[in-house]
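User: I would like to go through some of the labels given to residues in this structure and see what each one rests on. Could you take them one at a time, with the reasoning spelled out?

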Amino acid sequence: MNNNTTTTASLNLTTDSKKKAIVMTKKFAKASRIVGSAEYNMLQQVRRDYPNYRIEIKTTKKTINIVNTLTYQFMELYIKKHDEKHDENKLDDYSLKTAKIEGLAPASFAEVKDWFVENFPEIKKYNTLRDALLAA
């Protein structure tokens, strides 16, 4: 833990001297609404100790892994924009080729997704790149 943060008895409630804030999790904030609860009493004690600090509820940024949210449409557009050959039917060809070779139904979505990630490994870094571009 860095020097500018003092931790109370619970990890769900901290004070940040740099921001001059009492920081709590959403779960702790909900529990502290009940008068007389341990969380309520802890929050009141911290507020007495730090009367000039503001209350802040900690939010977490949920990162979505692009590989888990791939769709046929996204993969097709990505192939059109990033494949040197610009073969628009590359996904369909892969699905049908697999079916013809194995004599089975076309490839499942999971197989197509695995093939896509294998052939375009830079997609794994997509979130990092997108976040950097948005922050600039």
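Analyst: The discussion below concerns a predicted model, and it takes up accessibility, aromatic pairs and a polar contact in turn.

User: Why is Phe74 called partly exposed?

Analyst: Phe74, which is found in helix 3 (residues 72–82), has a relative accessibility of 23%. Buried means under 20% and exposed means over 50%, so Phe74 falls in between and counts as partly exposed. Not counting residues up to four places away in sequence, Phe74 touches Ile66, Ile123 and Tyr126.

User: What makes Tyr50 and Tyr53 a tilted aromatic pair?

Analyst: Five aromatic pairs are found in a search of the whole structure. For Tyr50 and Tyr53 the distance is 4.8 Å centre to centre, with 40 degrees between the planes. Centres within 6.5 Å make a pair, and planes that are neither under 30 degrees nor over 60 degrees apart count as tilted, therefore this pair is called tilted.

User: How do you know that Phe116 and Phe120 are tilted as well?

Analyst: Their rings lie 5.1 Å apart centre to centre, and 35 degrees separate the planes; because that angle is not under 30 degrees, the pair does not count as stacked. Both Phe116 and Phe120 are buried, and together with Phe74 and Tyr78 they form one aromatic cluster.

User: What makes Glu56 and Lys19 a polar contact?

Analyst: The side chain of Glu56, a residue of strand 4 (residues 54–57), makes this contact with the side chain of Lys19 at 3.5 Å. The cut-off is within 3.5 Å, so the pair is counted as a polar contact.

Definitions and conventions:
Residues numbered from 1 in each chain as written. Predicted model: local features only at pLDDT ≥ 70, side-chain atom pairs only at ≥ 80, totals over all residues. Heavy atoms only, no water. Helix = DSSP H or I, 4+ residues; strand = E, 2+ residues; numbered from the N terminus. Polar contact = N/O pair within 3.5 Å; in protein donor to acceptor, adjacent residues only side chain to side chain. Buried < 20%, exposed > 50% of the residue type's maximum accessible area, 1.4 Å probe, protein only. Contact = heavy atoms within 4.5 Å. Phe/Tyr/Trp six-rings, centres within 6.5 Å; stacked < 30°, edge-to-face > 60°.
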